[in-house]
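Please open the structure in your viewer and keep the selection panel at hand. We will go from stop to stop together.

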Amino acid sequence: MIDVINAAALLGNFLVIPGLTYGSQLALGALGVTLVYSVLRFSNFAHGETMAFGAMLTILVTWGLQALGVSIQPLPTALLALPFGIIGTIAFTLLIDRSVYAYHRQRKASPVVFLIVSIGVMFVMGGLIRFIIGPNDQIFFDGARFIISARDFKRMTGLEEGLAIRMTQAVTILTAIVIVILLFWFLNHTRTGKSMRAYSDNENLALLSGINPQRVVMITWILVATLATIAGTLYGLDKSFKPFVYMQLLLPIFASAIVGGVGNPLGAIAGGYVIAFSELILTFAYKKVIQYLTPDGIEIESLMQILGTDYKIAVSFIILVIVLVVRPTGLFQGKTL
Amino acid sequence: MSFLIGQQMTGGYGAADILHDCTIGVDKGEIAVIVGPNGAGKSTAMKAVFGMLPLRHGQVLFDGEDVTLLKPEERVLKGMGFVPQTHNVFISLSVEENLEMGAFIRQDDIRDSIAQVYDLFPILKEKRKQPAGQLSGGQRQQVAVGRALMTHPKVLMLDEPTAGVSPIVMDELFDRILEIARLDVAILMVEQNAKQALEIADKGYVLVQGRNRFTDSGEALLANSEVRRAFLGG
């Protein structure tokens, strides 16, 4: 019996909690992609860089606060800096919309033009970020490392395996839950949120109803910048901030959005967790878990891994392809906001 | 002079004109119906009145005011309501949200207006939490009309409101439209079901190739043997 609990603790520590954390980060990212897709009607390739930009601003403010000796122990200072990062990113995103996307909107450019434009924006933003903060790893995490460390857990329970909950993991999961609840409340219960859904559902009828498209576009970018900054900062806190990593995050984020059903915010969240857990489940080394669950004395030579961790990225790619072939509308029937 | 009138409208989407010197008007509390064969420019004439078609000649007067250069959404603010033929509801929004969006330009309390629409279309009250996309064709048309009524328009323009609904539902819709007209709303509609529509119409416009062919009261048009033979199937 104790072996089963040990195995569960092991899985919880290395699979469930990291999966929930990573899934929350992907879900927040995919929500941003979905919002742009369903309101502005294009796939925003610059979303990864928007996340990096938001995280970068938050890091700069965090350093400033740390230099001033401001802290909110045991929580990371970055949470205090987050609102500033969000405001800066909103301003920057609106500037880009005004100077780049607005022109193409006026010309009623096709979605593919927008997509290519967004790739341009991605490169410019990427360059800007590396120019400002450099291409290297930045560590900006402070505060308590663990809520429950593996050692405490072992001492408390007497188990062999520890189930640690890192501060960043708890912060990520809780923040994601709060943000998602707020976002859905906004979309479903406020006049502005409903007008966004109406615009995404039927642009012409929204115009006829007196909904101002410029306002809808502006609010969409504000939400997208907010989500991106939060997702980027949480990812950076949890792993580390490295500009190039955010570009690679684009694939799992798009996979999440598509798996869930493009344009459907609930789908984006579900998709985030599906992708995160698939990556972890397929690349997890089950050796110790199996040892706990089998009678003593059985020697297991291999790591009992389905795929090497190098294939992590490939997993989201494969899921993406399978979904597109088998169920192109995604898990949830792709619909508007 | 009618309350709403498009006078001598000439224009089209591209180089070629679709409407030629076409005049369409309606008064408060009246129902005006535009009928004619396929491709006669019925919907185009209605769109021209609503500002969705650039006019080369002619003008649109609404309550004595020249609105020819106003955009459709500006005409909504002036008190014109428009129900497009297709895509006329927000399918992913609930019935009630559709009505709320119809009243988007209003800042005042809209609960009375919603109650009024529910009085007119009781089935919508029952289905108010359902996404409009899940309703039947006739119910959707009711949502579409209800949405347009939320701004309390002085003119309601309907582009083929009975397209694709069963005859029973059509009769019911026409009854409701009569009821709306009784509230002193001017109603201008395009109809495929010419005979039934002319029966409830105060005024009828028969268009052929973008031109006014016959203009008379609904009753007179129904009695006109030439109209009957050519456009009403005998």
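Here is a short tour of the contact between the chains, a pocket and two backbone details.

Before you click, note that this is a predicted model, in which local features need pLDDT of at least 70, side-chain atom pairs count only at pLDDT 80 or more, and totals for chains, interfaces and linings use all residues. Residues are numbered from 1 along each chain as its sequence is written, chains are lettered from A and ligands numbered from 1 in the order in which they are written, and side-chain values use heavy atoms, with hydrogens and water left out.

**Stop 1: where the chains meet**

Colour chain A and chain B separately, then select the residues in contact (heavy atoms within 4.5 Å). You should have 17 residues from chain A and 23 residues from chain B. Together the two chains bury about 1,700 Å², with 57% of it on carbon and sulfur atoms; buried area is the accessible area (1.4 Å probe) that two parts lose on being put together, summed over both. Now show Arg191(A), Leu205(A) and Leu208(A): in chain A they lose the most area to chain B, together 36% of what that side buries.

Next, select Glu97(B) and Arg197(A), which form a salt bridge with their closest N and O atoms 2.9 Å apart. The rule (a side-chain nitrogen of Lys or Arg within 4 Å of a carboxyl oxygen of Asp or Glu) finds 2 salt bridges across this interface. Which helices of chain A give two or more residues to the side that touches chain B? They are H7 (191-201) and H8 (203-208), where helices are DSSP runs (H or I, at least four residues) numbered from the N terminus. H7(A) gives the most, with 6 residues.

**Stop 2: the largest pocket**

Move to the largest pocket, with about 1,400 Å³ of space. A pocket here is an open set of points on a 1 Å grid over the protein atoms alone, where a 1.4 Å probe fits, with protein on both sides within 12 Å along at least five of seven lines; lining residues have an atom within 4 Å of a point. The volume is the space filled by probe spheres set on the points, which are joined across faces, edges and corners.

Of its 43 lining residues, Lys108(A), Tyr199(A), Glu203(A), Leu207(A) and Pro213(A) are the closest to the centre. H3(A) gives the most to the lining, with 7 residues.

**Stop 3: two backbone details**

Stay on Lys108(A), in the loop between H3 and H4 of chain A. Its phi is near 50°, a positive value in a residue other than glycine. Finally, select Pro74(A), in the loop between H2 (47-67) and H3 of chain A. The peptide bond from Gln73(A) to Pro74(A) is cis, with omega near 0°.
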